[in-house]
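Trainee: I've got a protein open on my screen and I'd like to learn how to read it. Can we go through it together?

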Amino acid sequence: MNLLGPASRQAVTDAQDQTGETPFLEVLWSWCGAVAEERGLTPPKKNVTAMTARLTAHLTWVAEQPWVVDFSEEIGGLVYAVQKITMTAPRKQLLKGVTCLGCGMSSLVRYFPGDYAAECLNCPSQKYSDRDYELLVQGQARGLESVNP
Ligand SMILES: [Zn+2]
């Protein structure tokens with residue numbers, strides 16, 4: 001593929017004759033194929049809505065498969081690419097003065113929009129709800145008071 005020749009009249013939807021990233025539809029299609037084959041299902045229609053609905057419906061099962069890391073990386077890559085293209089990446093705010101319970105570092109952030117009040121940049125398992133984050137802030141503030149009366 002090069003940028004000098006005439007553009008394709010149709011959307012490029014297959015992985016053939018491509019350099020760089022695999023097209024979105026082909027990534028989704030290959031994972032839908034894996035799910036359909038291993039679960040004995042007919043493949044969904046080859047469009048984004050049908051394929052993402054299929055993958056979402058089987059997400060719990062997917063999470064138990066040995067290839068879940070590859071799945072996560074490839075789907076995460078699609079999400080990242082979409083966020084770059086559409087400039088819709090969540091805004092990140094560093095939460096100062098509070099340390100993560102997992103690693104003890106000042107690496108807690110809040111994403112806008114986001115699902116949690118705080119998440120650690122180092123520890124994927126450290127996610128705090130509004131209540132948990134308030135308790136963490138209060139607990140660490142009390143700890144500081146006892147050190148510096
Ligand atoms: Zn941490």
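Mentor: Sure, let's start with a pair of strands. Four bridges join β1 to β2, and these two strands run antiparallel. Keep in mind that this is a predicted model.

Trainee: What holds strands together in a sheet?

Mentor: In general, strands of a sheet pair through backbone hydrogen bonds, and the pairing can be parallel or antiparallel. For one position in this pair, look at L94, which stands opposite V109 in β2.

Trainee: In what order do the strands sit in the sheet?

Mentor: Here the order is β1-β2-β3-β4, in an open sheet of four strands with antiparallel pairing.

Trainee: Which are the edge strands?

Mentor: They are β1 (91-94) and β4 (127-128), and each of them pairs on one side only.

Trainee: Okay, now the middle. How many bridges are there between β2 and β3?

Mentor: Two bridges, linking β2 (residues 108-112) with β3 (residues 118-120) in the antiparallel sense. V109 stands opposite E119 in β3, and L108 has C120 as its bridge partner there. Remember V109 from before: it also stands opposite L94.

Trainee: How does the chain get from β2 to β3?

Mentor: Through a hairpin, with five residues joining the two strands. Have a look at P113, which sits in the loop between β2 and β3. The peptide bond between F112 and P113 is cis, with omega about -5°.

Trainee: What about the loop before β1? Is there a residue I should look at there?

Mentor: Try M87, in the loop between α4 (68-86) and β1. Its phi is near 55°, a positive value in a residue other than glycine.

Trainee: Is M87 buried or exposed?

Mentor: To judge that, count the C-beta atoms around it; 12 or fewer within 10 Å means exposed. M87 has 6 such neighbours inside 10 Å, so it counts as exposed. Across the whole protein, buried residues make up 11% of the 149 residues.

Trainee: Let's move to the helices. How many helices and strands does the protein have?

Mentor: Five helices and four strands. Along the sequence they follow the pattern α-α-α-α-β-β-β-β-α.

Trainee: How do I describe the way two helices pass each other?

Mentor: You look at how their axes approach and at what angle they cross. Take α1 (residues 24-39) and α2 (residues 48-57): their axes come within 10 Å and cross at roughly 40°. That angle makes α1 oblique to α2. The crossing is left-handed.

Trainee: Which residues of α1 and α2 meet?

Mentor: From α1 you have L25, L28, W29, W31, C32 and V35, and they meet V48, M51, T52, R54 and L55 in α2. The residues of this contact divide into nine nonpolar, one polar and one charged.

Trainee: Could we follow one more residue in α1?

Mentor: Let's take A36, which is in helix α1. With 15 C-beta neighbours inside 10 Å, A36 counts as partly exposed. Leaving out residues up to four places away in sequence, A36 touches L41, T42 and P43.

Trainee: And how far is A36 from H58?

Mentor: Their C-alpha atoms are separated by 10.0 Å, and the two residues are 22 apart along the chain.

Trainee: Do contacts reach further along the chain than that?

Mentor: Some do. Among contacts between residues at least 6 apart in sequence, 16% join residues at least 24 apart.

Note on methods. Residues are numbered from 1 along each chain as its sequence is written. This is a predicted model: local features need pLDDT of at least 70, side-chain atom pairs count only at pLDDT 80 or more; totals for chains, interfaces and linings use all residues. Axes are lines fitted to C-alpha atoms, for helices over the stretch in contact, and angles run from 0 to 180 degrees between N-to-C directions. Angles under 35 degrees count as roughly parallel, over 145 as roughly antiparallel, 65 to 115 as roughly perpendicular and the rest as oblique. A crossing is left-handed if the near helix is turned anticlockwise from the far one by less than a right angle, and right-handed if clockwise. Two residues are in contact if their C-beta atoms, placed from the backbone, lie within 7 Å. Ala, Val, Leu, Ile, Met, Phe, Trp, Tyr, Cys and Pro count as nonpolar, Asp, Glu, Lys and Arg as charged, and the others, Gly among them, as polar. Two strands pair if DSSP finds at least two bridges between them. A residue is buried if 20 or more other C-beta atoms lie within 10 Å of its own, exposed if 12 or fewer, and partly exposed in between; C-beta atoms are placed from the backbone.
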